[in-house]
Amino acid sequence: MEREIRQILAAHGRLGVDVYSLDADADLYRNGMTSHASVNVMIGLEEAFDVEFPIEMLRRSTFESVASIETALNSLTATLAG
Amino acid sequence: MTTLTNRPADPAELVLEQHRAFRDELLAARLLLSTGIDGLYLRSDRFERIVRGIDAMVSRAGAGTAEETLHFPLLMPREVLERTNYPRSFPNLTGVVSGFSDPTADHAALVQAFDSDDRASWTNLLRPSDLALCSAACHPLYPTQQGTLPAEGRVVEVFGQCFRREPSIDPARMQSFRQHEFVYLGNAEGARAHRDAWIGRALELHGRLGLSVEAVNANDPFFGRTGRLLAASQLSNSLKIEVVAPIAAPSAPTAITSANLHLEHFGEEFGIHTATGQVAHTACVGFGVERIALALLRRHGLDLTGWDPQIRQELAL
């Protein structure tokens with residue numbers, strides 16, 4: 001999953017750095033992702049993982065790192081499985 | 001007692017009723033005249049005298065800071081709307097001008113539609129033009145600022161006419177309105193200093209007019225689910241501070257002035273750079289002059305001659 005998240009970030013995140021060498025906990029906003037870019041990342045993730053982020057997850061913190069995105073996606077797919 | 005028992009229990013309904021009641025008072029006093037469309041009014045000279053007074057106060061508050069003062073029309077190139085990302089963030093508020101200028105346009109079909117039972121169908125023959133209605137007073141400014149800024153940055157005073165497609169019975173939510181802005185272009189620190197200084201000036205200015213105002217952290221009404229994320233980002237970064245005052249509904253104060261940090265959003269898209277070669281940050285303060293006039297009418301009454309002499313003097317009424 002992490003590799004796919006990084007691919008989506010590379011395509012939509014408009015980061016100023018190489019996303020594949022970023023720490024999973026690194027702050028994506030501090031590494032150049034604008035809020036408009038984070039919207040494209042969100043849409044990219046929803047398409048790739050066939051999920052829809054609920055309103056309460058549409059926060060800055062959800063998309064702030066590779067790890068936080070993975071946590072959010074895991075909770076969504078867990079909900080789907082349950 | 002009848003009025004008490006008729007009062008709606010639902011707070012949202014009460015607010016709607018207060019909006020309608022204040023609008024009806026304004027129309028009855030002929031301060032504003034109805035066009036039959038919610039949010040679009042003809043304005044009386046009394047109303048415009050208040051607006052002119054506010055504009056003069058705002059200009060005085062920023063005297064000596066602006067390199068130039070510009071006045072913008074209601075229309076701007078559609079390309080500017082597109083480059084500001086507005087259609088993505090606020091598609092519901094957008095207005096693009098349509099016209100019948102296509103050389104292949106079929107005049108006979110248009111006349112036939114116009115003469116038909118469905119008269120409005122003639123507009124189906126129009127096509128979107130290269131013109132848009134101005135979304136925010138500062139937007140037409142940015143294309144003119146492409147290039148390198150002076151070392152100290154730059155401040156421009158803007159009088160702009162704006163359009164937002166959001167019909168409402170709230171008289172403060174006009175579809176066609178004006179913003180009086182002071183826009184800063186420069187570095188990040190300068191942008192924050194400009195924004196913060198103007199929050200103080202705005203609170204002071206509104207206070208002198210006898211308005212009960214407060215500055216609150218706010219977000220723009222970004223559209224849809226993606227808008228939720230943009231709004232949350234804007235809020236968590238405190239990018240938008242609104243000065244709010246009670247207008248029609250005391251329980252739901254309205255933004256009358258807002259002070260905003262745009263970060264590099266416009267600097268990047270419009271190729272604006274600081275003297276040291278960085279992408280410029282921008283910030284603006286926008287006074288919603290109609291809304292301020294309405295807040296004054298609400299606070300001091302619809303008869304301008306009865307207003308406190310000191311406030312009349314401030315506004316040169």
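Select helix H2 of chain B, residues 11-28, in this predicted model. H2(B) has 18 residues, and its first and last C-alpha atoms are 25 Å apart, close to the 26 Å expected at 1.5 Å a residue. Look at its start: a side-chain oxygen of Asp10(B) comes to within 3.1 Å of the backbone nitrogen of Ala12(B). After the helix comes Arg30(B), with a positive phi near 55°.

Now show the side chains of H2(B). Which residues of H2(B) are buried? They are Leu14(B), Val15(B), Gln18(B), His19(B), Phe22(B), Arg23(B) and Leu26(B). To see what these buried residues pack against, add strand E1 (32-34), strand E2 (41-43) and helix H10 (289-300) of chain B.

Next, select helix H3 of chain B, residues 45-61, and pick out Gly53(B) within it. Gly53(B) counts as buried because its relative accessibility is 4%, under the 20% cut-off. Add Leu315(B) to the selection: it is 262 residues from Gly53(B) along the chain, yet the two C-alpha atoms are separated by 4.1 Å.

Move on to helix H7 of chain B, residues 188-208. How does the distance between its end C-alpha atoms compare with the expected span? The 21 residues should span 30 Å at 1.5 Å a residue, and the end C-alpha atoms are 31 Å apart, so the two agree. Colour the buried residues of H7(B): Gly190(B), Ala191(B), His194(B), Arg195(B), Trp198(B), Ile199(B), Ala202(B), Leu205(B) and His206(B). Just past the helix, stop at Gly210(B), where phi is positive, at about 80°.

The next stop is strand E12 of chain B, residues 254-263, which includes Thr254(B). Is Thr254(B) buried or exposed? Thr254(B) is buried, because its relative accessible area is 10%, which is under 20%. Leaving aside residues up to four places away in sequence, select what Thr254(B) touches: Ala172(B), Val243(B), Val244(B), Ala245(B), Ile247(B) and Arg291(B).

Then select two cysteines, Cys138(B) and Cys284(B). Each is the other's closest cysteine by sulfur position. Why is there no bond between them? Their sulfur atoms are 4.2 Å apart, which is too far for a bond; a disulfide needs the pair to be within 2.5 Å. Cys138(B) is buried, with a relative accessibility of 3%. Cys284(B) is buried too, with a relative accessible area of 3%. Over all chains, the structure holds zero disulfides.

Zoom out and colour chain B by domain. Domain 1 takes in residues 12-94 together with 135-314, and domain 2 takes in residues 101-128. How far apart are the C-alpha centres of the two domains of chain B? They lie 37 Å apart.

Finally, bring chain A into view and select its contact with chain B. The contact takes 17 residues from chain A and 14 residues from chain B. Between them the two chains bury about 1300 Å², of which 60% is on carbon and sulfur atoms. On the chain A side, select His36(A), Leu58(A) and Arg60(A). These three supply 43% of the area that chain A buries against chain B, more than any other three residues.

Methods: Residues numbered from 1 in each chain as written. Chains lettered and ligands numbered in written order. Predicted model: local features only at pLDDT ≥ 70, side-chain atom pairs only at ≥ 80, totals over all residues. Heavy atoms only, no water. Helix = DSSP H or I, 4+ residues; strand = E, 2+ residues; numbered from the N terminus. Expected span 1.5 Å × (residues − 1). Buried < 20%, exposed > 50% of the residue type's maximum accessible area, 1.4 Å probe, protein only. Domains from an automatic or database assignment. Contact = heavy atoms within 4.5 Å. Polar contact = N/O pair within 3.5 Å; in protein donor to acceptor, adjacent residues only side chain to side chain. Buried area = accessible area lost by both parts, 1.4 Å probe.
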